[in-house]
Each structure stands twice: as C-alpha cells, then as structure tokens.
Amino acid sequence: MNRKSVSFSILSGKGGVGKSNLALNISCGLHLLGRKVLLIDCDMGLANMDVLLGVTPGKHLQDILINNQDPAEILIPFGAEGRPGLDLLPANSGMAGFVDLDAGARSMLREKLNPLACAYDFICLDIGAGISPTVLNFASMTTLRLVVVTAEPTSLTDSYALMKVLSARYDVTDFHIIVNMAESREEAKRTFSRLAAVCERFLGFTPSFLCEIRADKVLTDAVRKQRPLMELAPRSPASRDCMAAAEKLDKMRGVLSAGGALDTPLRNVNAVN
Ligand SMILES: Nc1ncnc2c1ncn2[C@@H]1O[C@H](COP(=O)(O)OP(=O)(O)O)[C@@H](O)[C@H]1O
Ligand SMILES: [Mg+2]
C-alpha cells in the first residue's frame, strides 16, 4: 500500500459558500506544485464539477455503484495544456436515490476508490453542504478536513453545527478553516476568531486557520466561462490565495509523510454514536 497519499474533504454547513470552486482551484494549485491530484465530486445531490470545467462526462461516480464500473475508466483529465496528473471523477446531479448512500454503498465506494486514490499525492473530495449521514461519513474518511465559511452569521452557525455533529458522531476534532469571500485578511481573522471561540467554549477543541480567499470578481467570470480561475487568471487575488492554500497543504503532506502518519487514502472510520 502506498503511504504518500493525502486526502482532504471540502466541507461547509451552508451551501453556496464556494466549496466547489475552492476544491477545483486548490486542486489546480497542487498540480502546479507538481503533485498528482484526483478531484472527486462527492456532492451526490447537486454535483457540478463537470459544469465548472465545461466537460460532459459519459460515466459518473454513481456508475461504480450501479454498474460496477471501474473508477479508472470514469476519469476526466483536466490539467492545463493537457498536462497529466490532474483528474476529475465526476458525479451525476439530481439522482435522488444517491443523495444518501447506505453504509454498504459507502464502504463499497471507498473500497473501489482506494486502489485508484493510492496513485495520487492528493485526493480532494468536494462534498455537499449540510450534515446528512453521507456528508458526515465522507468527511470522516479523509486525512484532512477543510471547512469553508464566509463572514455571514448563518455560515458560521451552520459550520459550527457541522463540526459539532462530526465530533459527536465520528470523534473527529481536527478542522482547518478557510474563510472565503473575505474583504481583507483582518476580516477573515475576525471571522475565524469568532468561530474558534465558540468551538473552544462549547465543543472543547479549537479548529485551525488555513487561509483566507479574497472575494474576487474574476472568479464569477471563470464560472461563466467554465474554466478554472487558476488557469484563466493565475495572478488574480483568489488564485493567489488558492495557491497559498495549496502550498500549506503540500507542507502538511510533507510533515505527515515524514512522521509516517499516512495510511490508506480513504479511511474506514466507524461512527462512535
Ligand atoms: N472568492 C470568491 N469570490 C467571489 N465569488 C465567489 C468566491 N467564492 C465563491 N464565489 C461565488 O459563489 C458561487 C457559489 O460557489 P460554489 O463553489 O458553487 O459553492 P458551493 O460548492 O459551496 O455550493 C460561485 O458561483 C461564485 O459566484
Ligand atoms: Mg458545490
């Protein structure tokens, strides 16, 4: 078993906070650093990574469950200028029966994905918003959990609820916070401090601050053009911030790898409650 792969999930309590765009652009950033990256669209209800990339997949993640499809045959390479090592595993949107997978389906998916995941340095899971059992289970599988918040009070309360439920159900207490659509670093730090304070007081753990991603109009253009911001405008504020996030993740991988802490990319963690 390869021990070099780091998986990370991108989570949020509330939808529309930028998870999919950050998953995409941080993945591009890691690829620019020379890493092999597998991006998996795990938003089983409202999958849209294919739309962000302007691609039309023939097969989807759900086919692994329905047709016993080999995950390697579903991959869509999307590295800039055809550079290898950056692949998407797309999912189908609007398949009501797949929004909440039962425990058997989840473990089957994990077992089928792990052999493929081992060939990558990073595996990024773009996960749906909220606190459904499937969301919680996917989040518990990854080496790292990135929680995306904005300065809106509803985003903060919803991400607090997500961390609370994950810690209670899966005993997971390590979270890395990304403050998205930040007006400034100071505002991002204030947002983080508010969230960290309630976690410390009521949950007994403190999340760590990963980075802020500035509000960036060019990101909206990239979404409309169905191209990754990192490719369209690598020097725009949000691209630079996604690059900074990628650099931090890459450093974390170095530390985890040196400490011999890397295990199977997608772990089987049983709920404690
Ligand atoms: N840093 C940002 N700057 C400006 N707009 C952003 C930023 N991040 C996200 N958005 C906007 O938010 C929208 C929703 O983002 P998306 O990644 O689809 O969210 P989620 O996956 O959390 O539902 C995007 O289409 C974009 O218009
Ligand atoms: Mg999304």
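**Exercise 1. Work out how enclosed strand E7 is, and find which strand pairs with E7 in the parallel sense.**

*Step 1.* Start with burial. Buried means under 20% relative accessible area, exposed means over 50%, and partly exposed is in between (1.4 Å probe, protein chains only). Six of the seven residues of E7 are buried, so the rest of the structure largely encloses this strand.

*Step 2.* A quick word on what you're looking at: this is a predicted model, where local features need pLDDT of at least 70 and side-chain atom pairs count only at pLDDT 80 or more, while totals for chains, interfaces and linings use all residues. Residues are numbered from 1 along each chain as its sequence is written, chains are lettered from A and ligands numbered from 1 in the order in which they are written, and side-chain values use heavy atoms, with hydrogens and water left out.

*Step 3.* Next, the labels. Helices (H or I, at least four residues) and strands (E, at least two) are DSSP runs, numbered from the N terminus. Two strands pair if DSSP finds at least two bridges between them.

*Step 4.* Now the partner. Strand E6 (residues 144-149) pairs with E7 in the parallel sense, over four bridges. To see it residue by residue, look at Leu146, whose bridge partner in E7 is His176. Then move to Val147, which stands opposite Ile177 in E7.

**Exercise 2. Place the strands in the sheet and say which ones stand at the edges.**

*Step 1.* Strands of a sheet pair through backbone hydrogen bonds, either parallel or antiparallel.

*Step 2.* Here the order is E3-E4-E2-E5-E1-E6-E7-E8: an open sheet of eight strands with mixed pairing. E3 and E8 are the edge strands, each with a single partner, so one side of each has no neighbour in the sheet.

*Step 3.* Check the E3 end. Strand E3 (residues 76-77) runs antiparallel to E4, and two bridges join them. Pro77 stands opposite Asp87 in E4. On to E2: strand E2 (residues 37-42) and E4 pair in the parallel sense over four bridges, with Ile40 opposite Leu89 in E4.

*Step 4.* Do the same for strand E1 (residues 6-11). E1 runs parallel to strand E5 (residues 122-127), joined by five bridges, and Ile10 has Asp126 as its bridge partner in E5. E1 also pairs with E6 in the parallel sense, over four bridges; there, Phe8 stands opposite Leu144.

**Exercise 3. Sort the side chains of E1 and E4 by face.**

*Step 1.* Here's the rule to use: in a regular strand the side chains alternate between the two faces of the sheet.

*Step 2.* In E1, Val6, Phe8 and Ile10 point one way, Ser7, Ser9 and Leu11 point the other way, and all are buried. Six of six residues are buried, so E1 is largely enclosed by the rest of the structure.

*Step 3.* Strand E4 (residues 86-89) has both faces covered: Leu86 and Leu88 are buried on one side, Asp87 and Leu89 on the other.

**Exercise 4. Describe the surroundings of ligand 1.**

*Step 1.* A residue is near a molecule or strand if one of its heavy atoms lies within 4 Å of it. Of the 15 residues around ligand 1, the nearest are Gly16, Lys19, Asn21, Asn180 and Asp216.

*Step 2.* Look at some backbone atoms. A backbone N or O atom of Val17 lies 3.2 Å from an oxygen atom of ligand 1, and one of Gly18 lies 3.0 Å from a ligand oxygen. A polar backbone atom of Arg214 is 3.1 Å from a nitrogen atom of ligand 1.

*Step 3.* Which elements give two or more residues to the shell? They are helix H1 (19-32), strand E7 (176-182), strand E8 (208-214) and helix H8 (217-225). H1 gives the largest share, three residues.

*Step 4.* Finish with H1 itself. It has 14 residues, of which 13 are buried, so the rest of the structure largely encloses H1. Just after H1, Gly34 takes a positive phi of about 95 degrees.

**Exercise 5. Decide whether Thr220 is buried, partly exposed or exposed.**

*Step 1.* Find Thr220 in helix H8.

*Step 2.* Its relative accessible area is 38%, so Thr220 counts as partly exposed.

*Step 3.* Now compare positions: Thr220 and Asn21 are 199 residues apart along the chain, and their C-alpha atoms are separated by 9.9 Å.

Terms used:
Polar contact = N/O pair within 3.5 Å; in protein donor to acceptor, adjacent residues only side chain to side chain.
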